[in-house]
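Colleague: I would like a close look at one part of this chain. Please pick a helix and walk me through it, with the setting around it.

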Amino acid sequence: MLFRGGAAVVALAAGMLLLSSTPALADDPVDLGGAYIVDEVGALQGRESDVQLAIDSLYDRAGLQFFVVFVDTFDDPADPADWADATADENFLGTNDLLLAVALDDRLYGLSVGPDLPLSDPQLDRVEAAIESQLRAGDWAQAAIDGAQTLQAEATGVVGPNQPDRSDERAGAVPGWVLPTVGGAAVLGVGAVIGTVLMRRRRRDQDAAPVERLDLQQLDRRAGSLLVRLDDAVKTSEQELGFAQAQFGDEATAPFVAALDGAKRKVSEAFALRAQLDDADPQTAPDRRAATARIVELCEAADAELDAQADAFEQLRDLERTAPQAIEALVPRIGELRARLPQEEQRLADLHRRFAPGAMAPVDGNVTEAAARLAAAEHELDEARGQVRSGATG
């Protein structure tokens, strides 16, 4: 699914005096290009797959999207909260999306959090503590991993893959995110902290802004972001549908098939328009705007089709989880209906005495059919009990 909307920004910044003969290059807010990890400074040192595993687990188990960006320094804006805010805005991150931005040379980080995130402030505090613990230790990859896994644990109560117990490390962590300087007249050693700032605020809901209010560059960014993310959502939905069909059968999942087919057609049309825009032939600005707006329209319509089935999927999964209770709840219902059969047979006999056979023909076999269906229902319940006992709850 795609997630839209504004986001609250949580930024925790710990700064220090860093003397260096070579100034760091300033970094503007980045274009994620649909990626979950952007490492412009080699901070992860080959551990991208470990970070991605934690990010994927968070999405699979909690439905939260977590993006991670590493740069040298924040610029335009320089404030970590504003920088994370701007990056989230430019990439149209949504209501359940989070973005961790880390500037290694600045010794600053910002965490952008969607306003509808199902976590309380104390839960977010624990997420921040997990991230900062690893930043203090200089383990950038583990900071991202612990952030994703703590988010998952707070949202679901279940930690992600390969979650280590770092309670001892955190209990003895050095206060403040510190990197000693080398070669300066004043060297700040371990434990030196200049300041810590904690800010929470809302960023504007740019993703919901009407298309006509966006300039062509903003519209193009929205279209590109939506297209990449929707393509990922369709692929994920295909996988989930395959599992659901194997578990619940084709009949129960037919509406999901229809929704996915409709979304795929729209994505295909959107990609075709994108290819035309990328063609070498020049196009007028109005033509480009119309085509780009159509891409946004197609992506949002496809997203709505997938979202419309999300609740139904959850209801199906909820029914699977409560299958034993659902089975037993049907037993008295069948008994109640079976107890009504003699009464309905008597009513049918009374109607036969009052009306001609031709008038009774449409309902003549109803009681017999009802008895047969009740017998079939009892047979299905017996089979369902056996399936649940064997673990096949689908």
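**A close look at helix α3**

Modeller: G63 comes before the helix, as a side stop: G63 is partly exposed, with a relative accessible area of 22%. Buried would need under 20%, so G63 at 22% does not count as buried. This is a predicted model. G63 sits in a loop, with α1 (48–62) on one side and β3 (65–71) on the other. Its C-alpha atom is separated by 9.3 Å from that of A155, although the two positions lie 92 residues apart in numbering terms, that is, they are 92 residues apart along the chain.

Now the helix. Helix α3 covers residues 121–137, which makes 17 residues. From first C-alpha to last, α3 reaches 24 Å. That is close to the 24 Å expected at 1.5 Å a residue.

Which residues of α3 are buried? They are Q123, L124, V127, E128, A130, I131, E132, S133, Q134 and L135. The list holds the charged-letter positions E128 and E132 as well as L124, V127 and I131. In general, an α-helix has 3.6 residues a turn, so residues three or four places apart point the same way.

Just past the end of α3 comes G138. G138 takes a positive phi of about 75°.

Now the setting. The chain has 13 helices and six strands. Of its 394 residues, 40% count as buried. Take contacts between residues at least 6 apart in sequence: 76% of them join residues at least 24 apart. The chain exposes about 20,000 Å², and carbon and sulfur atoms supply 52% of that area.

Key. Residues numbered from 1 in each chain as written. Predicted model: local features only at pLDDT ≥ 70, side-chain atom pairs only at ≥ 80, totals over all residues. Heavy atoms only, no water. Helix = DSSP H or I, 4+ residues; strand = E, 2+ residues; numbered from the N terminus. Buried < 20%, exposed > 50% of the residue type's maximum accessible area, 1.4 Å probe, protein only. Contact = heavy atoms within 4.5 Å. Areas by Shrake-Rupley, 256 points an atom, 1.4 Å probe, with all protein chains shown as cover. Expected span 1.5 Å × (residues − 1).
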